[in-house]
Amino acid sequence: SRVTLVEMAEGVLPGVDRDLVQPLARHIAKQFAEIRLGTRIESLREVGAEVEATLGGRPERYDRALVAVGRRPRSAELGLETTRARVDGRGLITVDGHCRTDDPRIFAVGDVTGEPMLAHRAMRQGKVAAEVIAGRPAAFDNVVVPAVVFTDPEVAWCGMSEPEASAAGREVRVARFAWAASGRAATLGRADG
């Protein structure tokens, strides 16, 4: 299949450190027929057996279209309006560091509690909630959760980004390590990353 990737932002994975994105951008440039950055999909409509996409004012035809934009929490219809638990305008359930909602009898973990929406974060929150419910001391801190984008090659980071650290007035020193020299690269037989 020939696939065209359309991204409204000026780069793939907006919000992710550009140094981390470079190996992925190089890799996908070889895989996609075309990558259109800074391009908005204005409309999609079926025309016979094809999909007509209007991109930057120009209609183009494709066999299929996949729209993959963001995620939403599924907190509606849980009956939370009959409790003291708070849900924000996006549908996220507000929790404290113990994963407890404003209703002390209700705990929430995972995507429904906000970013980053990652399985390993949800698992850690679940453990914290269970420990708190059992009367043990436990707390959850989002800052220490590694963020991962399961692309090929994968992109991962932890802690503050360089711009966040600079904005917080912290001295920033950048160190780089060649992925090709890592044990994981050797075991995978791949130097890109």
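Two residues are in contact here when heavy atoms of theirs lie within 4.5 Å. The exercises below concern a predicted model.

**Exercise 1. Describe the overall build of the protein: what is the order of its helices and strands, and is it compact or spread out?**

Step 1. The protein has 4 helices and 7 strands. Along the sequence they come in the order β-α-β-β-β-β-α-β-β-α-α.

Step 2. For 193 residues the globule rule gives 16 Å, whereas the radius of gyration is 21 Å, well over that value, so the protein is more spread out than a compact globule.

Step 3. Along the principal axes, the C-alpha atoms fill a box of roughly 55 × 50 × 35 Å.

Step 4. Of the 193 residues, 26% are buried. The accessible surface is about 13500 Å², and carbon and sulfur atoms hold 53% of it.

Step 5. Now take the contacts with a separation of 6 or more: 37% of them are between residues 24 or more positions apart.

**Exercise 2. Examine helix α1: what span should it have, what caps it, and which strands do its buried residues pack against?**

Step 1. Helix α1 covers residues 18–31, which is 14 residues; at 1.5 Å a residue it should span 20 Å, and the end C-alpha atoms are indeed 20 Å apart.

Step 2. At the N-terminal end of α1, the cap is D17, with a side-chain oxygen 2.7 Å from the backbone nitrogen of D19.

Step 3. V21, P23, L24, H27 and I28 are the buried residues of α1. They pack against three strands: β1 (4–7), β2 (34–37) and β7 (155–157).

**Exercise 3. Examine helix α2: which residues are buried, and where do they sit around the axis?**

Step 1. Helix α2 runs over residues 119–133, 15 in number. From first C-alpha to last it reaches 21 Å, close to the expected 21 Å.

Step 2. A residue is called buried under 20% relative accessible area and exposed over 50%. By this cut-off, R121, Q125, V128, A129, E131 and V132 of α2 are buried. Because these residues cover an arc of only 165° around the axis, they lie on the same side of α2.

Step 3. The other side of α2 carries the exposed residues A119, M123 and I133.

Step 4. Just after α2 comes G135, where phi is positive at about 85°.

**Exercise 4. Find the unusual backbone angles: which peptide bonds are cis, and which residues have a positive phi although they are not glycine?**

Step 1. As background, most peptide bonds are trans, and a negative phi is found in most residues other than glycine.

Step 2. The bond joining E115 and P116 is cis, with omega about -10°. P116 belongs to the loop between β5 (58–62) and α2.

Step 3. The bond from D152 to P153 is also cis, with omega near 0°. P153 is placed in the loop between β6 (147–149) and β7.

Step 4. L13 is not a glycine, yet its phi is positive, about 50°. The loop that holds L13 lies between β1 and α1.

Step 5. E77 is not a glycine either, and its positive phi is about 65°. E77 sits in the loop between β5 and α2. With 80% relative accessibility, E77 is classed as exposed.

**Exercise 5. Set out the surroundings of E34 and R36 in strand β2: how accessible is each, and which residues does each touch?**

Step 1. E34 is part of strand β2. Its relative accessible area is 35%, so E34 counts as partly exposed.

Step 2. Without its neighbours within four places in sequence, E34 has contacts with V3, T4 and L5. L5 is 29 residues from E34 along the chain, yet their C-alpha atoms are 6.3 Å apart.

Step 3. R36 is also in strand β2. At a relative accessible area of 13%, R36 is buried.

Step 4. When residues up to four places away in sequence are not counted, R36 touches T4, L5, V6 and E7, together with L55, R58, E60 and Y62.

Step 5. With one of these residues, E60, the side chain of R36 makes a polar contact of 2.7 Å. R36 is therefore a buried residue whose side chain has a polar partner in E60.

Definitions and conventions
Residues are numbered from 1 along each chain as its sequence is written. This is a predicted model: local features need pLDDT of at least 70, side-chain atom pairs count only at pLDDT 80 or more; totals for chains, interfaces and linings use all residues. Side-chain values use heavy atoms; hydrogens and water are left out. Helices (H or I, at least four residues) and strands (E, at least two) are DSSP runs, numbered from the N terminus. The expected span of a helix is 1.5 Å times one less than its number of residues. Buried means under 20% relative accessible area, exposed over 50%, partly exposed in between (1.4 Å probe, protein chains only). The arc is that of the directions from the helix axis to the C-beta atoms. The radius of gyration is taken over C-alpha atoms; the globule rule is 2.2 Å times the number of residues to the power 0.38. Accessible areas come from the Shrake-Rupley method with a 1.4 Å probe; for residues, only the protein chains shown count as cover. A polar contact is a pair of N or O atoms within 3.5 Å; within protein, one must be able to donate a hydrogen and the other to accept it, and residues adjacent in sequence count only if both atoms are side-chain atoms.
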